[in-house]
Amino acid sequence: MDCIFCKIVDGSIKGDIVYENDDVVAFRDLNAQAPHHILIIPRKHIATVNDFTAEDASIFGQLGQAAKQIAGDLGVAENGYRLVLNCNDDGGQTVYHTHMHFLAGRTFTWPPG
Ligand code: AMP
């Protein structure tokens, strides 16, 4: 499968990894939109949120737990951060391996663009 994020998971492409465990890997986004822009991904290839099955339900929990851990590690938990999952064209998804954007280090506005 030609998936760039699977290649970061298996180490064939280098990622700037900031956190990993048995289920998820988190690495810095190449095109950062904030002082801290990290992508948290499941090791398992799941193309979009639409492709999650009941047996994948715990992965959402793992993404959230990883976000909390990273926020603590970076010292941004108190100030806050934004978590984003884009799905398909209208959501702005460009890489088809589900990923949670972790954005921190500045104040974000709402609504998003
Ligand atoms: P999305 O538009 O939600 O699919 O987000 C995909 C993100 O992946 C973008 O923010 C890209 O900058 C980022 N990205 C693409 N390739 C890489 C890579 N090799 N390493 C780190 N981030 C990447």
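Student: In this predicted model, is His99 buried or exposed?
Tutor: His99 sits in the loop between helix H3 (88-91) and S5. Its relative accessibility is 6%. The limit for buried is under 20%. So His99 counts as buried.

Student: Which residue has its backbone oxygen 2.7 Å from a polar atom of the side chain of His99?
Tutor: The contact runs from a backbone oxygen to a polar side-chain atom of His99. The separation is 2.7 Å, and polar contacts are counted within 3.5 Å. The backbone oxygen belongs to His97.

Student: Which residues come nearest to the ligand?
Tutor: The ligand has 16 residues around it. His99, the buried loop residue, is one of the nearest. The full set of nearest residues is Asp29, Asn86, Thr94, His99 and His101.

Student: Where does an oxygen atom of the ligand lie 2.8 Å from a side chain?
Tutor: Two contacts to ligand oxygen use backbone atoms: Gly92 at 3.0 Å and Thr94 at 2.6 Å. The 2.8 Å contact instead uses an N or O atom in a side chain. That side chain belongs to His101.

Student: How much of the ligand's area does the protein bury?
Tutor: Start with the ligand taken alone. It then exposes 500 Å². Of that area, the protein buries 84%.

Student: Which element gives the most residues to the shell around the ligand?
Tutor: Helix H1 (4-10) and strand S2 (24-28) are the elements that give two or more residues to this shell. The top contributor gives three. That element is H1.

Student: How many charged residues does the shell around the ligand have?
Tutor: Sort the shell by class. Seven residues are nonpolar and seven are polar. The charged class has two.

Student: Why is strand S5 largely enclosed by the rest of the structure?
Tutor: S5 covers residues 100-104. Met100, Phe102 and Ala104 point one way, while His101 and Leu103 point the other way. Both sets are buried. S5 is therefore largely enclosed, because its buried residues number five of five.

Student: Which strand pairs with S5 over five bridges?
Tutor: S4 (residues 81-84) pairs with S5 in the antiparallel sense, over four bridges. Within S5, Tyr81 has Ala104 as its bridge partner. The five-bridge pairing is also antiparallel, and it involves strand S3 (residues 36-42).

Student: Which residue in S5 is the bridge partner of His37?
Tutor: S3 spans residues 36-42 and pairs with S5. The partner of His37 lies in S5. It is one of the two residues, with His101, that point the other way from Met100, Phe102 and Ala104. The partner is Leu103.

Student: How many salt bridges does a search of the whole structure find?
Tutor: One joins the side chains of Glu20 and Arg43, at 3.0 Å from N to O. Another joins Lys44 and Glu55. The search of the whole structure finds four.

Student: How many residues apart in sequence are the parts that Glu20 and Arg43 tie together?
Tutor: Glu20 is partly exposed at 45% relative accessibility, and Arg43 is partly exposed at 29%. Their side chains meet in a salt bridge. Glu20 lies in strand S1 (residues 17-20) and Arg43 in the loop between S3 and helix H2 (57-74), so the pair ties together parts separated in sequence by 23 residues.

Student: Which residues are linked with Lys44 in a network of salt bridges?
Tutor: Lys44 is partly exposed, at 38%. One bridge from Lys44 has its closest N and O atoms 3.8 Å apart. In the other, N and O are 2.6 Å apart. The linked residues are Glu55 and Asp56.

Student: Is Asp56 buried or exposed?
Tutor: Glu55 counts as exposed, at 68% relative accessibility. Asp56 has a value of 3%. Under 20% is the criterion for buried. So Asp56 is buried.

Student: How far apart in space are Gly105 and Ile46?
Tutor: Gly105 lies in the segment after S5. Gly105 is partly exposed, at 47% relative accessibility. Gly105 and Ile46 are 59 residues apart in sequence. C-alpha to C-alpha, the distance is 29 Å.

Conventions:
Residues are numbered from 1 along each chain as its sequence is written. This is a predicted model: local features need pLDDT of at least 70, side-chain atom pairs count only at pLDDT 80 or more; totals for chains, interfaces and linings use all residues. Side-chain values use heavy atoms; hydrogens and water are left out. Buried means under 20% relative accessible area, exposed over 50%, partly exposed in between (1.4 Å probe, protein chains only). Two strands pair if DSSP finds at least two bridges between them. A residue is near a molecule or strand if one of its heavy atoms lies within 4 Å of it. A polar contact is a pair of N or O atoms within 3.5 Å; within protein, one must be able to donate a hydrogen and the other to accept it, and residues adjacent in sequence count only if both atoms are side-chain atoms. Accessible areas come from the Shrake-Rupley method with a 1.4 Å probe; for residues, only the protein chains shown count as cover. Ala, Val, Leu, Ile, Met, Phe, Trp, Tyr, Cys and Pro count as nonpolar, Asp, Glu, Lys and Arg as charged, and the others, Gly among them, as polar.
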